[in-house]
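Reader: I would like a close look at one part of this protein. Please keep it brisk, and then place that part in the rest of the chain.

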Amino acid sequence: MGKQHDVAGPNRQSGPGAAADGATDGSLDARLAVAQDPATPQLTLIDLASDPSAVVRKAVATRTDAPAQALRPLARDHDRHVRGAVARNPSTSVANLLLLVKDADRWVRWAVAGNPACNESIRRVMAEAPDKELRGLLAETRELEPELAARLVDDVSPEVRERLATHTHDAGVITALMADRTARVRKGLARNPRTSTAQRSALAQDPVVDVRAALVLAVELAEADLRRLVDDRSVQVRMAVATSEVVPPHIRQVLGRDPDEMVAGAARDFRPGAGNAPVVRAPRIGHRPSGTGRGRPGGARR
């Protein structure tokens, strides 16, 4: 740490390093500029990690080139925005991510889920967390370990199971969730493009209207299933068929003669790519929306 004294020493030189030399005793704007400068030496970043301003400390926390000696104390910073920046930083160590995934602030915990450095050891902690949103973010992980996916199949929260159903790539998990008695979980499966033809046929005959409607809006179905849905007893389902981007034109034409005029009109007026059907968007992991209202990443419903 002798060099650290030299960095802040009295014999400052003019040139590229001069601004960094005065990092800890300049104005807030000057210190922030140094914290954001790619040329700032790592020893200076370590000094700035203890800056009195949370804005400066957060700037250090966001840097992927920040040394471990700077990120370690910032992972325990009293300001949640600073800790959140560390939680999102792909250079943060697994040890610090394990600390942050248990943080008292939910936004910090959720940010860890989107960190590229989040590994199996962290995901195991997430699977056991009391925070259902954290488990829900885990359920949306593309390459989720089979053991953890199997645990989430039996999660106490229907929302977590629904999110698993929508995003899983595991055929065994899909099969297990097909037997789930909660309609919203089967609705999640209806949106999953990795279901088999036989599973889609079963979902097309689901007793819950929302499941059938979600299915026809999301995935391609066999001709026999589409013919059955054209005559579905629910106007909502027939409207979904009429406005779905994945329904063949010859099926939609049948609905042009539907007894419900709204369905018939929607079928006749359909234009591909015109935004006829709602789009299902995945939540933005670890992103905190602007404003002060209560919410969740990506606007997902509680």
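At what angle do helix H19 and helix H21 pack, and how far apart are their axes?

Author: This is a predicted model. Helix H19 covers residues 235-243, and helix H21 covers residues 261-269. The two pack at an angle of about 10 degrees. Their axes lie 8 Å apart. Angles under 35 degrees count as roughly parallel, so H19 is roughly parallel to H21.

Now the residues that meet. H19 brings Val235, Arg238, Met239, Ala242 and Thr243 to the contact. H21 answers with Met262, Val263, Ala266 and Ala267. By character, seven of the residues in this contact are nonpolar, one is polar and one is charged. The charged one is Arg238, because Arg counts as charged. The polar one is Thr243, because Thr is not on the nonpolar or charged lists.

Step past the end of H19. Serine 244 sits in the loop between H19 and helix H20, which spans 249-255. Is serine 244 buried or exposed? Its relative accessible area is 0%, so serine 244 is buried. Its side chain still has a polar partner. A polar atom of that side chain lies 2.6 Å from the backbone oxygen of valine 216.

Now the wider setting. The protein chain has 21 helices and zero strands. Of its 302 residues, 47% are buried. Take the contacts between residues at least 6 apart in sequence: 47% of them join residues at least 24 apart. The chain exposes about 15,400 Å², and carbon and sulfur atoms supply 53% of that area.

H11 is a good second stop. This helix runs over residues 132-139. How many of its eight residues are buried? Seven are, and H11 is mostly covered. The buried ones are Glu133, Leu134, Arg135, Gly136, Leu137, Leu138 and Ala139. Their cover includes four helices: H9 (106-113), H10 (120-127), H12 (146-153) and H13 (158-167).

Look at glutamate 133 within H11. Its relative accessibility is 1%. The cut-off for buried is under 20%, so glutamate 133 counts as buried. Which side chain does it contact? The side chain of glutamate 133 makes a polar contact of 2.8 Å with the side chain of arginine 163. Arginine 163 falls within the 158-167 span of H13, one of the helices that cover H11. The backbone of glutamate 133 has a partner too. Aspartate 131 caps the N-terminal end of H11, with a side-chain oxygen 3.0 Å from the backbone nitrogen of glutamate 133.

Next, alanine 190. It lies in helix H15, residues 183-190. Alanine 190 is buried, at a relative accessible area of 0%. Which residues does alanine 190 contact, leaving aside neighbours within four places in sequence? They are Leu203, Val211, Ala214, Leu215, Ala218 and Val219. Leucine 203 is 13 residues from alanine 190 in sequence. Their C-alpha atoms are 6.7 Å apart.

Leucine 203 belongs to the 197-204 stretch of helix H16, where serine 201 is also placed. Serine 201 has a polar contact of its own. Its side chain is joined to the side chain of aspartate 225 at 3.0 Å. The residue after that, leucine 226, is 25 residues from serine 201 in sequence. The C-alpha atoms of serine 201 and leucine 226 are 9.4 Å apart.

Two partly exposed residues finish the tour. Lysine 58 is placed in helix H5, residues 54-61. Its relative accessible area is 35%, so lysine 58 is partly exposed. Beyond residues up to four places away in sequence, lysine 58 touches His81, Val82 and Ala85. Leucine 48 is ten residues from lysine 58 along the chain, and their C-alpha atoms are separated by 9.8 Å.

Glutamine 69 is found in helix H6, residues 68-74. At 46% relative accessibility, glutamine 69 counts as partly exposed. Glutamine 69 and leucine 43 are 26 residues apart in sequence. From C-alpha to C-alpha, the distance between them is 9.1 Å.

Back to the part you asked about. H19 and H21 pack at about 10 degrees, and that makes them roughly parallel. Seven nonpolar residues, one polar and one charged make up their contact.

Conventions. Residues are numbered from 1 along each chain as its sequence is written. This is a predicted model: local features need pLDDT of at least 70, side-chain atom pairs count only at pLDDT 80 or more; totals for chains, interfaces and linings use all residues. Side-chain values use heavy atoms; hydrogens and water are left out. Axes are lines fitted to C-alpha atoms, for helices over the stretch in contact, and angles run from 0 to 180 degrees between N-to-C directions. Angles under 35 degrees count as roughly parallel, over 145 as roughly antiparallel, 65 to 115 as roughly perpendicular and the rest as oblique. Contact means heavy atoms within 4.5 Å. Buried means under 20% relative accessible area, exposed over 50%, partly exposed in between (1.4 Å probe, protein chains only). Accessible areas come from the Shrake-Rupley method with a 1.4 Å probe; for residues, only the protein chains shown count as cover. A polar contact is a pair of N or O atoms within 3.5 Å; within protein, one must be able to donate a hydrogen and the other to accept it, and residues adjacent in sequence count only if both atoms are side-chain atoms.
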